[in-house]
Amino acid sequence: MEQEIQEKQGTFFIGEEHDPKAQVLFEENDNTMVITSTFVAPSEREQGLGGELIDYAVNYARKHKLKIDPVCSFAREVIENTPEYQVVLKA
């Protein structure tokens with residue numbers, strides 16, 4: 001079930017800003033989005049929320065002509081294992 005993803009400076013999140021169900025933290029430097037962390041609340045895991053957020057981040061990067069440097073191991077694994085995401089992966 002797709003959840004509403006919200007944006008705030010350096011964060012994409014699902015749920016309430018002060019208590020998100022899931023979130024991705026990132027920094028933008030030059031033409032690069034550095035994904036530093038992905039978090040999903042224990043009660044919300046195994047529902048695909050982390051993957052939805054990474055998909056959102058990839059689409060954001062495409063829209064803003066950014067490359068993604070996934071420092072976060074979860075983000076790196078999802079992007080590297082999804083062929084259509086490879087185009088935004090920073091070499």
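Let's start at one residue, Phe-12. Beyond four places in sequence, Phe-12 touches Ile-5, Gln-6, Glu-7, Ala-22, Gln-23, Val-24, Phe-26, Met-33, Leu-53, Tyr-56, Ala-57 and Tyr-60. Keep that list in mind. One caution before going on: this is a predicted model.

Now the overall layout. The protein has two helices and five strands. What order do the elements run in from the N terminus? The order is β-β-β-β-α-β-α.

Next, the dimensions. Along the principal axes, the C-alpha atoms fill a box of roughly 35 × 25 × 20 Å. The radius of gyration is 12 Å, and a compact globule with 91 residues would have one near 12 Å, so the two agree. Of the 91 residues, 44% count as buried. The accessible surface comes to about 5600 Å². Carbon and sulfur atoms hold 46% of that surface.

Then contacts along the chain. Take those with a separation of 6 or more. Residues 24 or more positions apart account for 41% of them.

A word on charge. There are 9 positive and 17 negative charges in the protein. Their mean positions lie 6 Å apart.

On to the core. In soluble globular proteins, nonpolar side chains tend to be buried together. Here the largest nonpolar core holds 25 residues. Which of them touch the most other members? Phe-12, Met-33, Ile-35, Ile-54 and Ile-68 do. Two or more residues each come from strand E2 (11-16), strand E3 (19-29), strand E4 (32-40), helix H1 (49-63) and helix H2 (73-80). H1 gives the largest share of this core, with seven residues. So back to Phe-12, in the light of that core. Met-33 is on its contact list, and Met-33 is also one of the core residues that touch the most other members.

Let's walk along strand E3. Three residues there are worth a stop: Lys-21, Gln-23 and Asn-29.

Lys-21 comes up now. Buried or exposed, or in between? Lys-21 counts as partly exposed, because its relative accessibility is 31%. Setting aside neighbours within four places, Lys-21 is in contact with Gln-3, Ile-14, Gly-15, Phe-39, Val-40, Ala-41, Glu-44 and Leu-49. Look at Leu-49 in that list. Lys-21 and Leu-49 are 28 residues apart in sequence, and their C-alpha atoms are 8.3 Å apart.

Gln-23 follows. Outside four places in sequence, Gln-23 touches Thr-11, Phe-12, Phe-13, Ser-37, Thr-38, Phe-39 and Leu-53. Phe-12, our opening residue, is in that set. How far is Gln-23 from Val-78, C-alpha to C-alpha? The gap is 15 Å, across 55 residues of sequence.

Asn-29 is the third stop. With a relative accessible area of 38%, Asn-29 is partly exposed. Leu-66 sits 37 residues from Asn-29 along the chain. Their C-alpha atoms are separated by 9.4 Å.

Now helix H1, and Arg-62 within that helix. Arg-62 is partly exposed, at 35% relative accessible area. What does Arg-62 touch, leaving out residues up to four places away? Glu-84, Tyr-85, Val-87 and Val-88. Pick Tyr-85 from those. Arg-62 and Tyr-85 are 23 residues apart in sequence and 9.5 Å apart from C-alpha to C-alpha.

Last, the backbone in two loops. Glu-46 is in the loop between E4 and H1. Its phi is positive, about 65 degrees, although Glu-46 is not a glycine. Glu-46 counts as exposed, since its relative accessibility of 82% is over the 50% cut-off.

Lys-65 is the other case. Lys-65 is found in the loop between H1 and strand E5 (67-70). Here too phi is positive, about 55 degrees, and Lys-65 is not a glycine. Lys-65 is exposed, with a relative accessible area of 69%.

To close, three things to look at on screen. Start with Phe-12 and the 25-residue core. Then follow E3 through Lys-21, Gln-23 and Asn-29. Finish with the positive phi of Glu-46 and of Lys-65.

Definitions and conventions:
Residues numbered from 1 in each chain as written. Predicted model: local features only at pLDDT ≥ 70, side-chain atom pairs only at ≥ 80, totals over all residues. Heavy atoms only, no water. Helix = DSSP H or I, 4+ residues; strand = E, 2+ residues; numbered from the N terminus. Rg over C-alpha atoms; globule rule 2.2 N^0.38 Å. Buried < 20%, exposed > 50% of the residue type's maximum accessible area, 1.4 Å probe, protein only. Contact = heavy atoms within 4.5 Å. Areas by Shrake-Rupley, 256 points an atom, 1.4 Å probe, with all protein chains shown as cover. Lys, Arg positive; Asp, Glu negative; His and termini not counted. Charge placed at Lys NZ, Arg CZ, Asp CG, Glu CD. Core = buried A, V, L, I, M, F, W, Y, C linked by side-chain atoms within 4.5 Å.
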